[in-house]
Amino acid sequence: MSRFLKGAIPSPNIWNTPRIYELENRAVDPDGLAEAAMASIRPWTAATVLDIGCGTGYHLPSLSATAARVIGVEPHDDLVRLAGNRCRALPNVEIHRATAQTLPLPGSSVDVAVARWAYFFGPGCEPGLAELSRVVRRGGAAFVLDLDATRGAFGRWFGQSVPSYSSRAVEAFWTRQGWSRRPLDLRMVFERRADLEAVLRIEFTPAVAERAIAETSGLEIAYPNVLRWKLF
Ligand SMILES: C[S@@+](CC[C@H](N)C(=O)[O-])C[C@H]1O[C@@H](n2cnc3c(N)ncnc32)[C@H](O)[C@@H]1O
């Protein structure tokens, strides 16, 4: 059996080094801007929330604190297991081994769908968008939160690490799909310099990571993101 489902887009940062990715998740957005922005558009109190590409399930406990039911979907076997361990004591959380393209859910069963740092949502993800249209109920919303590679040092480092990535093509794709967008100026704030450096090393190619480390003083990194959403 393969360790991940067909249709999964490799995410080397979390697939190969989930412990370091955990440090990244802990550092990102200490101000809670992302959840506040999403909740201001479509709150999920007492609602059914779907986290697509939930990884190790880092965000499931906070979603489950106010939602009635939280469903995590993740195609990588090891991460499904880690997410299950994390959420074992949470009765309103369930995890499924699945992809965005084949959601194991009935139609009109979700109020709010979220995909964070989900590069599988971009040009070519029409099957995933069709699944969102099928499972999200009328009155619901779908959110995709991702790095804004057009802004800041982080965007520049990303562009140098993944030269094939075209911000223009990504933007044009979402415009064609009719999704709304809002820039979010997130931050990563670390407790230890060694953690910041380890995270930069899993996000960028070795040469770019060393440049990023040299350019970054202290414990904080600006992390420009863009929140995209569609109301159903
Ligand atoms: C960068 S990680 C982010 C994980 C998680 N959202 C978080 O915030 O911690 C991207 C995740 O998307 C998953 N993924 C990749 N392709 C996918 C697909 N086609 N459908 C659903 N998830 C996918 C990866 O396995 C990985 O766990």
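**Cavities, a pocket and a ligand**

Good morning. The largest cavity in this structure holds about 360 Å³ of space. Thirty residues line that cavity, and those closest to its centre are Gly53, Cys54, Gly55, Glu74 and Phe120. Please keep in mind throughout that this is a predicted model.

Let me stay with the walls of the largest cavity for a moment. The elements that each supply at least two lining residues are α1, α2, β1 (48-52) and β2 (69-74). Of these, α1 gives the largest share, with 3 residues. By class, 17 of the lining residues are nonpolar, 10 are polar and 3 are charged.

What takes up the space of the largest cavity? The ligand does. Two elements, α1 (12-16) and α2 (18-27), each give two or more residues to the shell around the ligand. In total, 22 residues surround the ligand, and the closest of them are Trp15, Asn25, Gly53, Glu74 and Ala100. The shell is made up of 12 nonpolar, 8 polar and 2 charged residues.

I turn now to individual contacts of the ligand. At Gly53, a polar backbone atom lies 2.8 Å from a nitrogen atom of the ligand. At Glu74, the partner belongs to the side chain: one of its N or O atoms is 2.7 Å from an oxygen atom of the ligand. The side chain of Gln101 also takes part, with an N or O atom 3.0 Å from a ligand nitrogen atom. How much of the ligand does the protein bury? The ligand exposes 600 Å² when taken alone, and the protein buries 99% of that area. Gly53 and Glu74 thus appear twice in this account: they are among the residues closest to the ligand, and they are also among those closest to the centre of the largest cavity.

The next topic is the second cavity. The count of cavities of 30 Å³ or more comes to 2, and the second largest has about 30 Å³ of space. Its lining consists of Ile52, Ala113, Val114, Ala115, Phe121, Leu132, Ala142, Phe143, Val144 and Trp179. The strands β4 (110-116) and β5 each give two or more residues to this lining. As for residue class, the lining of the second largest cavity has 10 nonpolar residues, no polar ones and no charged ones.

Finally, I come to the largest pocket, which contains about 850 Å³ of space. Its lining has 39 residues, and Tyr119, Phe120, Asp146, Phe158 and Tyr165 lie nearest its centre. Phe120 has already been named, as one of the residues closest to the centre of the largest cavity.

Which elements supply at least two residues each to the lining of the largest pocket? They are α1, α2, α6 (126-135), β5 (136-147), α7 (152-161), α8 (167-177), α9 (193-203) and β7 (220-231). The largest share, 5 residues, comes from α8. The lining of the largest pocket divides into 24 nonpolar, 7 polar and 8 charged residues.

To close, I return to α1 and α2. Both supply residues to the lining of the largest cavity, to the shell around the ligand and to the lining of the largest pocket. Thank you for your attention.

Definitions and conventions
Residues are numbered from 1 along each chain as its sequence is written. This is a predicted model: local features need pLDDT of at least 70, side-chain atom pairs count only at pLDDT 80 or more; totals for chains, interfaces and linings use all residues. Side-chain values use heavy atoms; hydrogens and water are left out. A residue is near a molecule or strand if one of its heavy atoms lies within 4 Å of it. A polar contact is a pair of N or O atoms within 3.5 Å; within protein, one must be able to donate a hydrogen and the other to accept it, and residues adjacent in sequence count only if both atoms are side-chain atoms. Accessible areas come from the Shrake-Rupley method with a 1.4 Å probe; for residues, only the protein chains shown count as cover. On a 1 Å grid over the protein atoms alone, a cavity is a set of points where a 1.4 Å probe fits but cannot get out, and a pocket is an open set with protein on both sides within 12 Å along at least five of seven lines; lining residues have an atom within 4 Å of a point. A molecule sits in a cavity or pocket if more than half of its atoms lie within 2 Å of its grid points. Helices (H or I, at least four residues) and strands (E, at least two) are DSSP runs, numbered from the N terminus. Ala, Val, Leu, Ile, Met, Phe, Trp, Tyr, Cys and Pro count as nonpolar, Asp, Glu, Lys and Arg as charged, and the others, Gly among them, as polar. Grid points are joined across faces, edges and corners, and a volume is the space filled by probe spheres set on the points.
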